[in-house]
Amino acid sequence: MPTVEKRTVSLPGPQADYIDALVASGAYASASEVVRAGLRALRERDAAVERWLREKVAPTYDAMKADPARALSGAEVRAALARREFALYYQPVVRLTDQRLVGAEALVRWMHPQRGMVAPDEFIPLAETTGLIVQVGEWVLEQACAQAAVWQRAGLPPFRLAVNVSAREFTSSLPGRVEGTLNRYRIDPSWLELEITESTLMHDIDYVIGIMDRISALGVALSLDDFGTGYSSLSFLKRFLIDTLKIDRSFTTGIPADVSDCAIASTIISMGRKLGHRVIAEGVETVEQTEFLRQAGCDEVQGYLYGKPLPAYEFEKALRENWLLVA
Ligand code: C2E
Ligand code: MG
Ligand code: MG
């Protein structure tokens with residue numbers, strides 16, 4: 001009787017039950033077969049999301065917000081996890097020197113059966129307060145790595161998939177989970193980057209540094225998201241093993257008209273680069289912003305000007321159709 005690994009790829013929709021049933025039946029001789037089946041199912045899942053988007057008429061965002069009686073609950077988030085209603089969208093990150101794609105940020109969406117697509121700002125805070133963020137985060141890491149495996153196997157050169165990690169997930173079990181997931185999907189660690197925010201750094205410094213050391217030792221990059229909006233001291237930048245600084249969208253928005261935003265953005269860029277960090281500006285929507293950032297020495301940009309977050313199959317289509325050139 002072959003050893004069957006009971007772990008499955010978490011997928012929304014009926015494919016998940018299908019995989020579960022296959023695993024339970026003992027149909028797999030090795031973990032790699034489970035992974036192959038998972039990857040196949042991921043493609044099916046993409047097609048399912050595509051159908052969902054085509055067929056559902058999603059209520060508008062504002063209409064949903066205007067209906068307080070329908071506030072989301074923690075129980076609904078838990079049920080959504082069980083029903084596998086989440087999906088990852090991917091937004092391109094482009095290098096300014098040659099306009100090539102060097103990464104993508106994985107952003108979670110809730111494909112709600114009644115409300116349509118729910119943005120993370122509407123349920124991540126809820127997931128944080130209820131502690132469900134840990135399970136949501138596990139699902140996100142698993143999905144992003146499964147997707148990286150698909151793209152790696154399709155022969156694409158590695159580009160960093162940035163996964164947002166909440167402060168509550170940044171515990172001593174995280175490096176082991178990251179390592180296990182990378183191994184399970186047999187992906188090169190250069191496919192993965194973890195985005196943390198300044199609030200993660202506010203905990204016990206030695207504890208945080210210990211976790212960061214273990215993540216860096218795996219070859220996985222760490223990025224400091226929404227930089228400039230938290231309360232971290234600049235000395236943190238010296239002490240923590242951060243590869244990338246992401247300038248918060250609130251500063252990019254004012255470029256080039258707002259003198260203060262321009263000053264803040266260029267200061268972050270020059271400080272980040274002097275400290276040896278890669279600097280990304282998020283929320284880039286105009287050519288003028290790009291030009292300013294390029295002249296200020298910013299390394300990479302992310303924003304609607306280059307591409308909105310897309311479901312995996314559309315992101316892949318963009319890669320194939322060459323409007324995104326992989327570095
Ligand atoms: P973030 O990590 O700072 O992600 C960037 C947000 O800016 C995304 O919003 C993205 O769609 C949006 N954005 C990017 N470019 C532009 C632009 O040019 N213009 C405008 N107006 N917006 C732009 P999104 O996807 O709604 O995510 C919001 C936040 O939710 C994220 O901010 C992140 O903090 C959180 N989030 C998303 N996915 C996850 C996740 O898997 N885990 C955790 N813990 N948090 C997540
Ligand atoms: Mg982020
Ligand atoms: Mg951000």
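In the predicted model, R160 is buried, with a relative accessible area of 12%. This arginine belongs to strand 4, which covers residues 160–164. The side chain of R160 makes a polar contact of 3.1 Å with the side chain of E193.

The residue N164, for its part, takes part in metal binding. The magnesium ion designated ligand 2 is coordinated by N164 through OD1, by E105 and E195 through OE atoms, and by D225 through OD, at 2.0 to 2.2 Å. Along the sequence, these donor residues follow the spacing E-x58-N-x30-E-x29-D. Distant parts of the chain are thereby linked: E105 is situated in strand 2 (residues 101–112) and E195 in strand 5 (residues 192–196), with the two positions 90 residues apart in the numbering. Both E105 and E195 are buried.

A second metal site adjoins this one through a shared ligand residue. D225 bridges the magnesium ion (ligand 2) and the magnesium ion (ligand 3), and the two ions lie 4.0 Å apart. The protein donors of ligand 3 are an OD atom of D225, an OD atom of D226 and two OE entries from E282, at 2.1 to 2.5 Å from the ion. The spacing of the donor residues of ligand 3 in sequence is D-D-x55-E. The two aspartates of this site fall into separate accessibility classes. D225 counts as buried because its relative accessible area is 6%, under the 20% limit for that class. D226, with a relative accessible area of 25%, is partly exposed.

The residues that bind the metals also approach ligand 1. The surroundings of ligand 1 comprise 23 residues, of which E105, R109, D225, E285 and Y304 come nearest. Thus E105 and D225, listed among these nearest residues, are also donors to the magnesium ion (ligand 2). Three donors of the magnesium ion (ligand 3), namely D225, D226 and E282, place polar side-chain atoms beside ligand 1 as well. For D225, a polar side-chain atom lies 2.8 Å from an oxygen atom of ligand 1. The corresponding distance is 3.0 Å for an N or O atom in the side chain of D226, and 3.5 Å for a polar side-chain atom of E282. Taken alone, ligand 1 exposes 790 Å², and 86% of that area is buried by the protein.

The space that ligand 1 takes is the largest pocket. Two or more residues of the shell around ligand 1 are given by each of strand 2, helix 5 (120–130), helix 6 (133–153) and strand 6 (221–227). Strand 2 provides the largest share of this shell, with four residues. The same strand holds E105, a donor to the magnesium ion (ligand 2).

The loop that joins strand 1 (86–95) to strand 2 contains T97. This threonine is classed as exposed because its relative accessibility is 74%, over the 50% limit for that class. T97 and G297 are 200 residues apart in sequence, while their C-alpha atoms are 9.6 Å apart in space.

Terms used:
Residues numbered from 1 in each chain as written. Chains lettered and ligands numbered in written order. Predicted model: local features only at pLDDT ≥ 70, side-chain atom pairs only at ≥ 80, totals over all residues. Heavy atoms only, no water. Donors = N, O, S within 2.8 Å, 3.2 Å for Na, K, Ca; no water. Buried < 20%, exposed > 50% of the residue type's maximum accessible area, 1.4 Å probe, protein only. Near = heavy atom within 4 Å. Polar contact = N/O pair within 3.5 Å; in protein donor to acceptor, adjacent residues only side chain to side chain. Areas by Shrake-Rupley, 256 points an atom, 1.4 Å probe, with all protein chains shown as cover. 1 Å grid on protein atoms, 1.4 Å probe; cavity = no way out; pocket = protein on both sides within 12 Å on 5 of 7 lines; lining within 4 Å. Sits in = over half its atoms within 2 Å of the grid points.
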